[in-house]
Amino acid sequence: MNESFQLFDLAGRVAIVTGGGRGIGREIALTLARAGADIAIAELDIGPASDCIQEIRDMGREAMLIETDVRQPSSVEAMTQQVAARFGKVDILINNAGIAKNTPAEETPDEEWLGIIDINLNGLFWCCRAVGRRMLENGSGVIVNIASMSGSVVNKPQPQAAYNASKAAVVMLTKSLAAEWAGRGVRVNCVSPGYIGTEMTKMGMNNEEWKRTWLEMTPLGRVGEPAEIAHAVWFLASDAAAYATGTNLTVDGGYTCW
Ligand code: NDP
């Protein structure tokens with residue numbers, strides 16, 4: 001392997017992927033495993049993740065599946081302890097778990113607002129805090145948060161104020177943690193996807209008006225594949241991105257150009 005390729009090699013690293021059982025998270029888990037990492041998937045509903053775990057084991061990597069609710073600090077702490085007990089360390093944390101709702105702002109019930117913030121922002125912070133502590137103790141680690149282009153622009157035509165606000169907060173939290181931890185060996189970055197073909201965008205792609213608007217507003221004229229996000233995450237998680245911290249890597253088919 002030449003020197004440049006070696007920078008992308010994750011052999012011997014241990015990575016946690018939240019929400020790694022399906023959608024973008026699943027592809028991130030598989031991509032990091034192909035790059036050599038052992039993987040822990042932290043998932044609310046562990047059922048659908050078992051085939052992903054098997055695929056990782058078939059590659060010859062270690063994989064563990066941990067039932068985790070990122071909304072609960074105690075669940076996140078227990079998950080972190082289990083990974084540390086099994087592997088002795090955590091090198092990479094990918095905060096991917098997230099939800100979206102499309103309710104007009106003035107009609108948003110309290111529980112819906114709180115529910116979105118609880119997973120997309122609070123849950124992500126609990127994971128950064130619990131895993132970050134261990135990384136700081138070891139003097140090394142990389143965190144990649146999955147934000148969204150919705151953290152920088154307002155989507156059209158669907159209303160999603162809570163989601164947009166939660167993702168903007170993820171971008172700022174990423175910069176804040178990056179600045180606090182840079183001198184102690186821990187890098188923190190985020191990736192902001194545009195529209196990606198997963199369960200989350202299924203309803204929109206089945207709505208003719210939404211789909212037309214989404215594709216018209218995307219210079220590349222299509223939704224992205226989960227793998228196209230996973231590759232950006234791989235870069236940031238690897239030594240190839242050694243000088244990147246606090247950055248927000250947008251991968252959106254050009255959506256935010258217009
Ligand atoms: P999916 O709906 O396909 O997957 C979401 C994942 O999050 C699932 O694995 C789900 O687990 C997990 N999750 C939800 N709640 C919790 C919780 N409380 N604890 C642990 N895990 C939880 O979405 P995507 O793959 O599309 O999205 C992944 C990330 O990418 C999200 O953060 C999303 O906001 C972001 N994103 C997605 C875009 C898109 O177009 N798809 C665009 C921009 C950003 P379970 O199966 O157990 O419910």
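The following paragraphs go through a predicted model, starting with its sheet and ending with a pair of packed helices.

The sheet is open and has seven strands, which pair in the parallel sense. Their order across the sheet is S3-S2-S1-S4-S5-S6-S7. Strand S3 (63–67) and strand S7 (248–251) form the edges, each pairing on one side only. From one strand to the next, the twist averages 15 degrees. Strands of a sheet are held to one another by backbone hydrogen bonds, in either a parallel or an antiparallel arrangement.

Strand S1 (residues 14–18) has a neighbour on either side in this order. With S2, S1 makes five bridges in the parallel sense, and Ile16 stands opposite Ala40 of S2. With strand S4 (residues 92–95), S1 shares three bridges, and these two strands also run parallel. Here Val17 has Ile94 in S4 as its bridge partner.

Two helices can be placed against this part of the sheet. Helix H2 (residues 23–34) lies across S1, S2, S4 and strand S5 (141–146). The direction of H2 is at about 170 degrees to S1. Helix H4 (residues 73–87) also packs on the sheet, where it touches S1, S2 and S3. The direction of H4 makes about 160 degrees with that of S3.

Strand S2 (residues 38–43) is mostly covered, with six of its six residues buried. Side chains of a regular strand alternate between the two faces of the sheet. In S2, Asp38, Ala40 and Ala42 point one way, while Ile39, Ile41 and Glu43 point the other way. Both sets are buried, the charged residues Asp38 and Glu43 included.

The last feature is a helix pair. Two packed helices are described by the angle between their axes and by the distance between those axes. Helix H5 (residues 110–138) and helix H6 (residues 161–181) pack at about 15 degrees, with axes 9 Å apart. Angles under 35 degrees count as roughly parallel, so H5 and H6 are roughly parallel to each other. Their crossing is right-handed.

On the H5 side, the contact includes Trp113, Ile116, Ile117, Leu121, Leu124, Phe125 and Leu136. The residues they meet in H6 include Tyr163, Val170, Leu173, Leu177 and Trp181. Asn120 and Gly132 of H5 also take part, as do Ser166 and Lys167 of H6. Taken together, the residues of this contact divide into 17 nonpolar, three polar and one charged.

Definitions and conventions
Residues are numbered from 1 along each chain as its sequence is written. This is a predicted model: local features need pLDDT of at least 70, side-chain atom pairs count only at pLDDT 80 or more; totals for chains, interfaces and linings use all residues. Side-chain values use heavy atoms; hydrogens and water are left out. Axes are lines fitted to C-alpha atoms, for helices over the stretch in contact, and angles run from 0 to 180 degrees between N-to-C directions. Helices (H or I, at least four residues) and strands (E, at least two) are DSSP runs, numbered from the N terminus. Angles under 35 degrees count as roughly parallel, over 145 as roughly antiparallel, 65 to 115 as roughly perpendicular and the rest as oblique. A crossing is left-handed if the near helix is turned anticlockwise from the far one by less than a right angle, and right-handed if clockwise. Contact means heavy atoms within 4.5 Å. Buried means under 20% relative accessible area, exposed over 50%, partly exposed in between (1.4 Å probe, protein chains only). Two strands pair if DSSP finds at least two bridges between them.
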